[in-house]
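Let's sit down with a model and practise reading it, one feature at a time. Bring your beginner's queries.

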Amino acid sequence: MRNSQKPDHVSLTNMLTRLREGRYVIPDFQRAFEWEPSDINELMRSIFRDYYIGSLLLWKGKEENFEALSCEPIYGVSSDKGRTDIVLDGQQRLTAMYYAFVAPDEAAPKRRNRFLYFIKVDCFIDEVYEEAFIYDWTRRGLNILKDRQKQFETHLFPLSVIGTGGWDLPNWVQDYEKHWLMAAETLEEHESDVAMHHADRAKKFGEQLKAITEQYQISYIELDRDLEIDKVCDIFTQINSRGRRLDVFDLLNALLRPKGIRLRQDLWRDAAPRLDFVKARRINVYVLQVMSILRQAYCSPKYLYHLIPGSPRQVRGEDGTLRPDVLVSDTSEFTSLWYEAVDALVRAIDLLRHPREFGVISNQYLPYASILPAFATLQAEAQRLPPDQRLDAQGKIQFWYWASVFMNRYSGAVESTSARDYTDMKTWFGDDRAEPGLVAEFEGSVQNLDLRRETRRGTSVYNGMFNLLVLNGARDWVSGNVPQHGDMDDHHIVPKSLGSDFGRKTSIDTIVNRTPLTRVTNREVIKDRLPNVYLPELIAANGEEKVVKILRSHFISHRAFSILMRYPFTPEDFEDFVEEREKTFRGSIGRLADHRTCGTPPGCPTR
C-alpha cells in the first residue's frame, strides 16, 4: 500500500525560504486570507514563545492538479513559478508568517494600509511578552522600517529582517550591538553605563533570535502527489466540518463545565440578547475581560484562566515573595461576577448609544468594539467614587475615550492597552497631577490629524467623526429634524458621481465630504446635484439664515457654505471646502482634547 501521508517538520528559517520562493499555493475552494492584524501578531507571539502552532496539511503538487484546482500564490507573494505544494490546512498561518516576516508591499486584508510587525527588544528581553510584539500601519512605522539607526535608538526590531534571509539578521544584530558600544565610548559615565547595558542586551537578543529561527520547528503532513483529487477534497471537507478555531471563551467553557458552570449554554445565552447591539464575534470574551479587569486589572488570556473557581495563582507580595491566591472562590462568586460584568457592559453600551453623550446611534458607527472592556470598567469605577468626584471622573473618561478613538489606540495590543489604561485612569481619578501620557500626546496631535484621508466607514476615526456630527445635533436639511438611524443616509455633500473630476487630490469619499441626512432628502431632494444647485433651492424655501444655521450643525462654517455656493464649482473649490471643513472638525476635536470641557457639545464656530 502506498505511503500517502508523510509527517515531517521544518525550521522557521527554512519555512520562510520556502515561502519566499513561492512553493506553497492555495486552491480556489479555500476561503481568502482573512486574519486581522491582531491575529497575525498573536501568531508571532506564539512562535517566539516556542508554542506549538498546529500542524500543516500539504499535498505534493503536480502541474495538472495546480491547474485543476485553480491554485493561486499565497497573499502577498508575487509569483507561483516555484510552486511545489498545495496548502489544504494552514493557509491562514502560512500567509500570516509571510506577511509579518517578509513584509510585502500589500495592504492587510480588508484594510487600506500595509501593516508592519516589530519586536520591542526591551520588553522581549524582560519577558513582558504581552507588550513585546507590536504592529504599525502609519508613516511612523514605514520611517522606522527604512531607518536602521532609528531601530537601534528605539529598540525596535522589524520582523522583516528575519524574512530577508541571508546575512541580514546577523548583520542587524551585530550593528545593533556596535551602535551602543560606540555610544558608550562617547557618553558621560552614567550614560555610558546605560549604553553598555543596551549593548549587552543587544547581544543577548541576537542569541535568542538565532535560537528561535534555527531551532523552532513547524510540523506538517504531506500527502502523496498521486492521491486522487476527489479524495483530497474529501479530506479538506472533513477538516473544515469538524474543526474550527477555538478562542479563550471556548476553552473556558470546557474548563468550567466540571465546576458546574454552563458558560455558553446558560450564562452567555442569557446575556447575549442584552449585548446584541454590538456585532462583534468576541463580545462574549469581552464579558470575561471585564470580569478580569475588575478583579485583577489585567485581561490577557493567561489572566482569564484565573477566573476559574478555586484556580490558584501566584501573587507577589510587598516583600517580593510569591504566595498562592485564589481570585474566584466558588461557582456562586463566578456567576455573580459574570452578571456584574454584563451589567457594566450594558450600561456602557447604553451610554455610548446616547445621542448627547457619545453619539454611537448605530453599531456600524461604533469606533471600536475592542474598547468596550476598558470603557465599561472605567464607568464602573467612576460610579464607585464619592458623588462629588463622579462628574470630574466622567470628564476624564470622555477625554480618554476620544483620545483613544482619534489616536487609534485600540487597533492593536488591546489587552495590554486596556489594563494599562484602567490602572492609569484609576490613579488619575484620585490625583489630578497624575495625568496619563496620552493627555499631552493627544493635545499635541490634534492639529496634525489628517482627517481627509478617512474614506472608509468602519475605521475608528471615520466613525468617531460621524459620532461628533450626531453629538452636534446635525439636522436634516429639509425637515429640520435629527435623522434617525433607520432613516439615515451617509450623504456626499459634493456628489460622488463627480469623483473622477473632483477627487484627484482628495477622495470624493472622504468623511470631510460626508454627513448624515434622511433618505428622502438625500435621494429625492438633493439627488446627484452640486451644492450650488440644491442650496439656493433650500434658501428660497426657508431663508438663508435657517439654512446656514442647519449647516453649522454639520460642521459647515459660514466660509465653507460660501465656498459651496461658488459658481462654477471647480475641483479647486472642492479642495477649499475640504480644507475649511477639516479645520472646523479639528476645532471640534480640539475642544474634546481639553478634558476640563468634556461633557459639552463639540460645537461649530459661528464664523
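## Reading a model, step by step

Just after helix H15, Ala297 takes a positive phi of about 70°. Keep in mind throughout that this is a predicted model.

Q: What phi do most residues other than glycine have, negative or positive?

A: Most residues other than glycine have a negative phi. So a positive one is worth a look, and here Ala297, just after H15, shows a phi of about 70°. Lys110 is another case, with a phi near 65°. You'll find Lys110 in the loop between helix H4 (91–102) and strand S6 (116–120), and it is exposed, at 66% relative accessible area. Then there's Asn408, which isn't a glycine but has a positive phi of about 55°. Asn408 sits in the loop between H19 and H20 and is partly exposed at 22%.

Q: Okay, and which residues does a cis peptide bond join?

A: Most peptide bonds are trans. Here a cis one joins Tyr567 and Pro568, with omega at about -5°. Look for Pro568 in the loop between helix H27 (558–564) and helix H28 (571–592).

Q: How many residues does helix H15 have, and what reach is expected for it?

A: Count the residues, then allow 1.5 Å for each step along the helix. Helix H15 runs over residues 283–296, which is 14 residues, and spans 20 Å from its first C-alpha to its last, close to the expected 20 Å.

Q: Is H15 largely enclosed by the rest of the structure, or largely open?

A: Check how many of its residues are buried, meaning under 20% relative accessible area. In H15, 13 of the 14 residues are buried, so the helix is largely enclosed by the rest of the structure.

Q: How many salt bridges does a search of the whole structure find?

A: Side chains of opposite charge can pair when their charged atoms come close. The search turns up 40 salt bridges here. Take Glu214 and Lys210, whose side chains meet at 3.2 Å, N to O. Both lie in helix H11, 4 residues apart, about one turn of the helix.

Q: Why would a spacing of three or four places suit a helix?

A: An α-helix has 3.6 residues a turn, so residues three or four places apart point the same way. Asp392 and Lys396 give you another example: they are 4 residues apart in helix H19 (residues 387–406), about one helical turn. Their side chains meet in a salt bridge at 2.9 Å, N to O. Asp392 is partly exposed at 38%, whereas Lys396 is buried at 1%.

Q: Where do Arg409 and Asp421 lie?

A: Start with the contact itself: the side chains of Arg409 and Asp421 meet in a salt bridge at 2.7 Å, N to O. This pair links distant parts of the chain, with Arg409 in the loop between H19 and helix H20 (414–430) and Asp421 in helix H20, 12 residues apart. Arg409 is buried at 17%, and Asp421 is buried at 2%.

Q: Which residues are linked in a network of salt bridges?

A: Those are Arg452, Glu575, Glu582 and Arg586.

Q: Last one: which residues gather in a patch of negative charge on the surface?

A: Here you look for charges that are alike rather than opposite. The patch is made up of Glu188, Glu189, Glu191 and Asp193. Glu191 is placed in helix H11 (residues 189–215) and is partly exposed, with a relative accessible area of 43%.

Terms used:
Residues are numbered from 1 along each chain as its sequence is written. This is a predicted model: local features need pLDDT of at least 70, side-chain atom pairs count only at pLDDT 80 or more; totals for chains, interfaces and linings use all residues. Side-chain values use heavy atoms; hydrogens and water are left out. Patches are made of residues with over 30% relative accessible area and no salt bridge: like charges are joined within 9 Å, nonpolar side chains (Val, Leu, Ile, Met, Phe, Trp, Tyr) within 5 Å. Accessible areas come from the Shrake-Rupley method with a 1.4 Å probe; for residues, only the protein chains shown count as cover. A salt bridge is a side-chain nitrogen of Lys or Arg within 4 Å of a carboxyl oxygen of Asp or Glu. Lys and Arg count as positive and Asp and Glu as negative; His and the chain ends are not counted. The place of a charge is taken as NZ of Lys, CZ of Arg, CG of Asp or CD of Glu. Helices (H or I, at least four residues) and strands (E, at least two) are DSSP runs, numbered from the N terminus. Buried means under 20% relative accessible area, exposed over 50%, partly exposed in between (1.4 Å probe, protein chains only).
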